[in-house]
Amino acid sequence: MSEMTVKDFAAKVGREVPRLLEQMKEAGLEHKSEGDAVSEEDKRKLLDYLTKSHGGSAEQAAPKNRITLTRKTRSRIKSGDRGKSIEVQVRKKRTYVKREEEKPAEEPKTQDHGPRQLVGDMAQAEAKRQAEEAERAAEQAARDAEEKAQAEKAKAEADAAAKAEPQIPVPELETPAQTEQPPAPPKEGRTDRRAAPAGKKAGKKGRHEREDDRGDREERRRGGKKAKRAERRGGRRGGSQGGGKHGFQKPTQPIVREVSIPESISVADLADKMSIKANEVIKTMFTMGAAVTINQTIDQDTAAIVVEEMGHKPKLVKDDALETEVLENISYEGDEISRSPVVTVMGHVDHGKTSLLDYIRRAKVATGEAGGITQHIGAYHVEDDHGGVTFLDTPGHAAFTAMRARGAKATDVVVLVVAADDGVMPQTIEAIEHSKAAGVPMVVAVNKIDKQGADPDRVKNELSQHGVISEAWGGDTQFVHVSAKSGDGIEGLLESIQLVSEVLELKAVPEAPGKGVVVESRLDKGRGPVATVLVQNGTLKKGDIVLAGLHYGRVRALINELGQQVDEAGPAMPVEIQGLDGTPEAGDDFMVLDDEKKAREVANFRQGKYREVRLARQQKAKLENMFSQMGQEEVAKVNIVLKADVQGSLEAIKGALEELSTDEVQVAVVSSGVGGITGTDANLALASDAIVVGFNVRADAAAREIIEREGLDLRYYSVIYQLIDEVKQAMSGMLAPEWKEEIVGVAEVRDVFKAPKIGAVAGCMVVEGTVYRHKKIRVLRENVVIYEGELESLRRYKDDVNEVRSGIECGIGVKNYNDVQVGDKIEVFDQVKVERTL
C-alpha cells in the first residue's frame, strides 16, 4: 500500500490543502507541503488536537467504538388565557458503544472513520451513523432471541422439577432466580412474558413467580424510598441516621462569652452579642427593676450589670477604641537620622516676613499675594551651604491668629521678624505668646536696618519688656540684623537657625510610615481636594493610604513646592497630596495606615463624633438664645454664604466676621466651604436671604444665573480688610437709630390767668431759643420736670402763631394741664435721629 500524501488526505476528508496544512501545523506536525507523507500516527495526533480544540479530551478521542448523536427539536406551546406561546427546545443525546467481541471486525472501518469524524462531510457521517445503527439493531434482535430461548429452557426445567417434588412448600419457590440459576439479565421479566405461550402450566407457574418477584421488588423499592427520605430528612436537620436521633447535643456546661460593650448600646444589639433572644434580656432587666424595650439604648454600666447577671463576662470598650488601636499599632521605631529644622516666620503686618523669605528662596513669593499681604500658610524647603531648612510663612494679619498658632505647634524654630523703624506691634506680641506657649526657641530678625529711621536698640528694648532678651544683654535669644532688600545679614540668620537646631538634636526615622501635620487644604476644580502637608516623621510615598483628620484617601500624586511630581517625601519636607475624599482642617494630624478599611472606619467615626458635637453645640445655642431673648425684640442678622480658596483663609474670615456681632446685629455665616461658588450656594443664599461672599474664588455659570435672576448680593474680595469693612457697613445700616433730644427754646412763666375755653393760660417771656407750637414741651418747677406733653395754643396778643422767638412775650396754653404757676419754666424740645455705626 502506497503512502498517503497531504494532498490525498485533504481530498479524502474534503478539506482544502492550505487549511489542512494550517490545522496540522497547529497540532504540532511538521508537514509544510502537499507532497509530505501522512502516517497513521500523524492522523491520530491531528484527531486528538481537533477533539481538544472543540471541547473534548484526549480520553474521549482515544476509543474508536463510541458515537454520540445529539438532536434538537423546537416547538411552540400556548400558555395562559391570552393565547401567549412559548418556544420549547428539546435536546436528545444518545451514545452507541460497540461490543468488545466485534472490535477486530470493525477496526478497518473505524480507521477510515477517524478523519471523517475529524473534519469529514456531514452527509457521509450521517449515512455512516444510520448504517451502524441498523447493524446494532440487528445484533440486538439476535441477542434478544438467544436470551428468549435460554429463558424458555430454564422455565421448562423449573416446571419439571416442580412436578417431580410436589411436597416442597411454595414459599421456597418465591426466589428461584436466587437459588437455582445465576443472576438473570435485567430483561428477564420481559422474556418470561414472551415465553408464556409455550405451555399452560409453565405459563401459570411463570406468572405466579413473576407476581411474587414483582411484590418483592415493590416492597424493596418502598423500603429504599423510605430509607432515602429519612436520610435526606436527617441530613437537612443535621441529625444522624441511627435510631432517629438528631446530631446536636445539649451542652453539659453553660457557655460563658466575653461581651464587648461600648459606651451606649441597644437592648437588641446586647442580646445579639450574647447570642440570646432579646426577650431574655428584657425579662432579666424587668426583674432588676428596669422596664425597657427592644430598641431602647442603655448605658455602658447598666449593660455590664445585665451581662454579669446573665452569666457572661463584660468587656468595657470605649467609642474610640478602634481609633486608639489603629494608632497604637503604627510603629515609628527604626534607625534615626538627623533631619532639617522646620522654621516658622512670624511678625507684624508689613514687617518684611515674605520679603525676607523671598530673598532666601530667590523667588518672588510676595508678587502673587493680593496687596502684598500673605493670606495663606506657605511651606518651602530651601537647600543651602548650612543644610536644608523648611520655612513656614504665616500671615501676620490679626485675623490669622489661629493659623499662626498652628504654625508654631508644627515648627522647631520661630523667626520673629521686627521692623527696625516700626518696633514692636500687637501682632509681634501675639507671635511671642504663641512661641512661648508652644515651647519653641526663637530667633529675632531685626529687618529694615538700612532704612532711614531704623533703631535696632529700640527693638531690643521693647522686646525685653515682653521677656525676649538679647544674648548681648545676658539673655538666651539671638538677635540678627538683616535687610530683606539688600540681603545683609541673611547668612548670619541661617547660621543662627542651624545653631539652634543643632542644640535641639532633631531626629527622624525615614523608614517608618509617614506622619505629620496638614498645613493647608483647598478644593481644586481640576484635581479635587488638595492638601499641603508637612512630613514630620517617616516617609510619605505615592500610593500610601492617608488618614487626615476627618478624611482619608490613597495618595495619587505628590507635588513639591516647585510644582514637580515626586514619588516620596521624607522628614521635614512639605508636599501637596491629592487623593483625599475631602479638605481636612489646617492643623489636623495626618498618618499613613496599612488598611484602607480601617482608615475609612476611623474617618467615619471621627465624622460622626464631630457631627454630634456640632449638633449639641447648635442645640445649646438655641436653648440659650431662647431664654435670653424672651421678652426682647428680634435681633437683626446679616446672613452670609462664605466661600474661600483655602481652609485657613476660610477659618480666619469666619472668626473675624463672628467677632463683629453685637447685641443688636449679629453676623451669621449660614454656609461656608472651600472652592468656587456653586448653584447650591446661590440657592441657599436665596432661601436664607444671605449675602454671597467669595474670597479669591468665583461663581460658576449656574450660580451666576441664579444670582442674576433673583437679584442676590454677590461680593468678590481678595483682601480681608475690605471684606470686613464692607460687612461692618452693612451691619451699621441694620442698627436701630438713636434719638437725641435737642432743646430748642425756654419760656419763663410771668403770670397766670384763666381763659373760658382753654383754662389756665401762662403769660410767658421767651428767654432762650424759639418756642414752637407743634413740638413737645416739659414743665419745670425749680428745675424739676413735673409734666411732659404738648402745647395746646401759642398766641401773640390775640393772634395764634406757630413760633415765638427769644425776648418776646407770648401766651401759652398747656394741653391737659392747668397747674401752671408763676416762676415755672416751659422747655420746648425736639428729637433728632442719629445714625449709629459700629
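1. **Contacts along the chain.** Take the contacts between residues at least 6 apart in sequence: 68% of them join residues at least 24 apart. Keep in mind as you read that this is a predicted model. The chain has 838 residues, and buried ones make up 38% of them. As for secondary structure, you can count 23 helices and 38 strands.

2. **Helix H2, inside and outside.** Start with H2, which covers residues 17-26. Which of its residues are buried? They are Val17, Leu20, Leu21, Gln23 and Met24. These buried residues sit on the same side of H2, because they cover an arc of only 160° around the axis. If that pattern looks odd in the sequence, remember that an α-helix has 3.6 residues a turn, so residues three or four places apart point the same way. Now turn the helix round: the face away from the buried side carries the exposed residues Pro18 and Lys25. After H2 comes Gly28, and its phi is positive, near 95°.

3. **The sheet around E26.** Next, look for four strands in an open sheet. Their order is E27-E26-E28-E29, and they pair in parallel. Which strands are at the edges? Those are E27 (665-674) and E29 (714-717), each of which pairs on one side only. On average, neighbouring strands here are turned by 25° against each other, if you ignore direction.

4. **Zooming in on one pairing.** E26 (residues 636-644) and E28 (residues 691-695) run parallel and are joined by 5 bridges. One to find for yourself is at Ala644, whose bridge partner in E28 is Phe695. Helix H20 (residues 647-658) packs on this sheet and touches E26, E27 and E28. The direction of H20 makes about 170° with that of E27.

5. **Thr477, a loop residue that is buried.** Don't assume that a loop residue has to be exposed. Thr477 belongs to the loop between helix H17 (456-464) and strand E15 (478-481), yet Thr477 is buried, with a relative accessible area of 8%. What does Thr477 touch? Leaving aside neighbours within four places in sequence, the contacts of Thr477 are Met442, Val444, Val468, Ile469, Ser470 and Glu471. There is also a polar contact between the side chains of Thr477 and Asp476, at 3.5 Å.

6. **Two cysteines without a bond.** How many disulfides does the structure hold? The count is 0. Cys764 and Cys810 are a good pair to check. The cysteine sulfur closest to that of Cys764 is in Cys810, and the 5.5 Å between them is too far for a bond, because a disulfide needs the two sulfur atoms within 2.5 Å. Seen from the other end, Cys810 is in no disulfide either, and its nearest cysteine sulfur is that of Cys764. Both residues are tucked away from the surface: Cys764 is buried at 3% relative accessible area, and Cys810 counts as buried at 7%.

7. **Two positive phi values to look at.** Most residues other than glycine have a negative phi. Two residues here go the other way. Glu782 has a phi near 55°, a positive value in a residue other than glycine. Where is Glu782? You'll find Glu782 in the loop between strand E33 (776-781) and strand E34 (784-796), where Glu782 is exposed, with a relative accessible area of 74%. Asn816 is not a glycine but has a positive phi of about 60°. The loop that holds Asn816 runs between strand E37 (809-814) and strand E38 (825-834). Is Asn816 buried or exposed? Asn816 is exposed, with a relative accessible area of 69%.

8. **Asp819 and its partners.** While you're in the loop between E37 and E38, have a look at Asp819, which lies there too. Asp819 counts as partly exposed, at 39% relative accessibility. Leaving aside neighbours within four places in sequence, Asp819 is in contact with Arg781 and Asp824. Try one distance as well: Asp819 and Ala762 are 57 residues apart along the chain, and their C-alpha atoms are separated by 9.9 Å.

Note on methods: Residues are numbered from 1 along each chain as its sequence is written. This is a predicted model: local features need pLDDT of at least 70, side-chain atom pairs count only at pLDDT 80 or more; totals for chains, interfaces and linings use all residues. Side-chain values use heavy atoms; hydrogens and water are left out. Buried means under 20% relative accessible area, exposed over 50%, partly exposed in between (1.4 Å probe, protein chains only). The arc is that of the directions from the helix axis to the C-beta atoms. Two strands pair if DSSP finds at least two bridges between them. Axes are lines fitted to C-alpha atoms, for helices over the stretch in contact, and angles run from 0 to 180 degrees between N-to-C directions. Contact means heavy atoms within 4.5 Å. A polar contact is a pair of N or O atoms within 3.5 Å; within protein, one must be able to donate a hydrogen and the other to accept it, and residues adjacent in sequence count only if both atoms are side-chain atoms.
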